[in-house]
Amino acid sequence: MKTVFLLVWLGTLEALRWGSLFPTKEQHHLVSCVTEIVCQHFIPNQPVVVSSTGNEDDLLNFLLKNIQLSHWPLQVSYPGSSLAENPGQYYDKIGNYVILIRNKNDIEEQAGHLIHGARWNNHARLLTVVTLHEDNPQEQALSVMQELWENMKVLNMVVLVQSEGEFHLYTWFPYQSNTQCLDITDTVLLNKWISQNGGEFSKHETLFPYKIPNNFKGCLIKLVVPYHGTFEVEYFYEFLNGLNFTVKIDEKEWEINPNIEEAITKAIEDVLFGMAEIAFGGIPLLKEASDVADPSLSYYQTQYMWYVPCAKPLPRLEAISHIFSVTVWVTLIAFMFLTAAIMWCLAHMTLESHTYKTASSVFYNIWAVVMGVSVTRMPRTLHLRVVIFPWICYCFAISTIFQIFFTSYLVDPGLEKQITSLQEVLDSKIEFGFRPEMTIYYEQSPYEIHKELLKHHTYCRQTHLCINKVIETGSFATIVESWAADKHLQSVNDSDRELVCRMNEIDSFPIRIVSYFSKSSFLLDTFNKRLASITESGLNIRADKERKIRSTFNKLDINDTGGGYFVFTITHLLIAFYTLLIGYILSSNVLICEILYVKFARKPNNLGTPVFGE
Ligand SMILES: *[C@@H]1O[C@H](CO)[C@@H](O)[C@H](O)[C@H]1NC(C)=O
């Protein structure tokens with residue numbers, strides 16, 4: 001097997017470098033103590049890195065031999081050597097470190113060497129062995145610890161110093177009071193290694209206790225919120241006050257109408273450069289951001305959703321003209337002429353009355369059947385009756401259907417076609433646009449239609465401006481977060497709200513809202529634990545509901561009739577009256593024409609009155 005680590009096989013080295021040297025009694029004890037810590041207190045199955053300045057080779061070799069015998073994966077780091085970088089193979093991160101130093105002046109160089117690797121892990125366990133004696137072991141431990149914290153920011157650290165044949169193990173605890181948060185001003189003696197019985201610890205206690213408390217004793221925490229009006233702020237306040245943090249929110253650069261992408265980038269940068277510990281407030285889970293800051297668990301989910309203008313009511317005339325298709329009208333008229341022609345022919349072949357022998361009067365009767373009024377005279381012969389009876393049935397059916405649709409369209413002419421897909425947005429040629437950052441998503445999308453979208457889109461800078469454009473123009477489509485859109489729509493008046501419709505569920509995609517912590521923050525675990533219990537118990541859903549109720553409370557519509565009855569007024573019948581009027585005008589004209597014709601054109605002819613119908 002190709003080993004990942006630079007394993008030091010002391011078996012081969014022994015003869016070369018070790019054979020003649022024998023460890024002193026003190027070294028013996030030190031090595032047993034360190035080996036005991038490695039075996040009993042380090043994270044099992046995680047590699048151990050042993051780092052040295054190169055000045056304690058004897059000790060290092062002896063130590064490595066001992067640890068090696070306990071079968072831990074080992075790696076050795078010298079200034080000048082490079083740690084094997086094999087991310088992903090066997091282990092992602094290193095779990096344990098042992099650092100050998102003479103005094104605190106050695107730390108900077110070694111730290112620089114260790115932390116510049118991809119596998120550096122500041123959540124690892126760190127044992128620092130100080131080899132030189134000093135008079136006051138506690139002060140020595142304190143100064144070493146301060147130097148270590150400054151350079152490495154490892155919380156789980158234990159410093160081993162020597163004192164009169166014993167080894168003292170020191171550590172520190174953060175957030176002890178509001179003046180002592182992340183500054184090391186005090187050390188705690190955890191344990192002692194005494195040389196009795198060949199060496200043992202004086203107490204049986206864990207050397208790496210969990211150090212993040214549930215009460216942060218009023219320590220300051222700096223937060224950054226990208227823009228004004230995020231509703232999480234008050235919940236975060238409560239949440240952090242519950243942990244006894246003193247909260248300071250950075251609100252220096254809130255603009256009235258910020259560019260959301262820029263605002264979020266700025267907030268993440270603040271976290272990256274240490275100006276704030278947490279960035280939150282409607283920030284989605286983004287890959288670019290999680291490369292530079294640690295995202296928390298997601299506590300809210302919303303969607304990017306397309307909003308389109310709602311379909312408008314159809315004009316009544318247009319609705320009525322669509323009752324029958326053109327072919328039906330054409331067939332009806334064709335059959336009218338056909339029936340008239342057949343009846344005229346049959347009448348001539350039989351002993352039918354005069355009514356059905358003149359073309360105009362046959363046609364008049366056929367028309368009367370269509371209109372549902374009586375004919376001037378019933379046909380007498382069987383032949384004509386056979387023809388006219390189906391015609392009456394046919395006209396009865398057609399006019400019943402027509403009247404049903406006609407009346408219902410008078411009441412409610414229906415809506416124009418609603419846009420329900422991206423293809424329809426493109427086909428309808430209406431304008432559409434979104435915030436600039438949305439292009440990133442559509443550029444990466446494999447769908448052809450999204451590429452098509454990018455060719456024709458425009459930009460609108462902010463959610464509420466995008467939605468307003470839909471309301472104002474009535475021919476604009478946009479994609480925005482449903483959360484922000486709903487919030488904005490609650491603030492506009494009712495008639496405007498009805499102009500904006502969600503397009504569909506398919507073309508939307510979810511976004512998870514998270515907060516970002518500075519990389520490798522020790523607070524993240526504590527927060528995630530609490531966020532998990534908040535989400536699992538549904539507190540965030542309740543908060544969301546409360547917010548919605550609060551914002552609609554003052555605007556509940558008391559006069560909401562809620563689908564009762566429909567008042568059929570004269571305006572709904574306008575079309576019918578107009579048609580009637582046109583009919584009257586037409587028939588009066590015909591009457592006048594006939595009177596004039598009778599008076600002048602036929603005067604010289606004879607005395608007989610003109611015959612209508614018969
Ligand atoms: C919060 O921290 C302050 C300052 O250290 C402390 O006096 C107070 O008792 C703490 N509050 C709680 C509830 O623990």
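What percentage of the 614 residues in the protein chain is made up of buried residues? In this predicted model, buried residues account for 41% of the 614 residues of the protein chain. The secondary structure of the chain consists of 21 helices and 18 strands. Among contacts with a separation of 6 or more, 77% join residues that are 24 or more positions apart.

The second largest pocket encloses about 840 Å³ of space. Its lining is formed by 26 residues, and those nearest the centre of the pocket are W329, W367, V370, M371 and F402. By class, the lining comprises 21 nonpolar residues and 5 polar residues, with no charged residues. Five helices each supply at least two residues of this lining, namely α9 (316-321), α10 (326-349), α11 (359-371), α12 (382-411) and α21 (574-601). The greatest share comes from α12, which gives 8 residues to the lining. Residues of the lining are drawn from both domain 2 (316-411) and domain 3 (574-612), and the second largest pocket therefore lies between these two domains.

Helix α17, spanning residues 482-491, is mostly covered, with 7 of its 10 residues buried. The buried positions in α17 are S482, W483, A484, A485, H488, L489 and Q490. W483, a residue of helix α17, also illustrates how parts of the chain that are distant in sequence come together in space: W483 and Q303 are separated by 180 residues in sequence, yet their C-alpha atoms are 7.3 Å apart. When neighbours within four places in sequence are left aside, the contacts of W483 are with F231, Y300, T302, D544 and R547.

N121 is located in the loop that connects α4 (107-115) and β4 (125-130). With a relative accessible area of 16%, N121 falls under the 20% limit and is therefore buried. A polar atom of the N121 side chain lies 3.1 Å from the backbone oxygen of I94. I94 also appears among the contacts of N121 outside its neighbours within four places in sequence, together with K93 and Y97.

Positive phi values were examined at two residues, N45 and Y175. N45 has a phi of about 60°, although N45 is not a glycine. This residue belongs to the loop between α2 (25-41) and β1 (48-52). Its relative accessible area is 65%, which is over the 50% limit, so N45 is classed as exposed. For Y175, likewise a residue other than glycine, phi is positive and near 55°. Y175 is found in the loop between β6 (166-171) and β7 (188-194). The relative accessible area of Y175 is 8%, which is under the 20% limit, so Y175 is classed as buried. The two loop residues with positive phi thus fall into opposite classes, N45 being exposed and Y175 being buried.

Definitions and conventions
Residues numbered from 1 in each chain as written. Predicted model: local features only at pLDDT ≥ 70, side-chain atom pairs only at ≥ 80, totals over all residues. Heavy atoms only, no water. Helix = DSSP H or I, 4+ residues; strand = E, 2+ residues; numbered from the N terminus. Buried < 20%, exposed > 50% of the residue type's maximum accessible area, 1.4 Å probe, protein only. Polar contact = N/O pair within 3.5 Å; in protein donor to acceptor, adjacent residues only side chain to side chain. Contact = heavy atoms within 4.5 Å. 1 Å grid on protein atoms, 1.4 Å probe; cavity = no way out; pocket = protein on both sides within 12 Å on 5 of 7 lines; lining within 4 Å. Points joined across faces, edges and corners; volume = space filled by probe spheres on them. Nonpolar A, V, L, I, M, F, W, Y, C, P; charged D, E, K, R; others polar. Domains from an automatic or database assignment.
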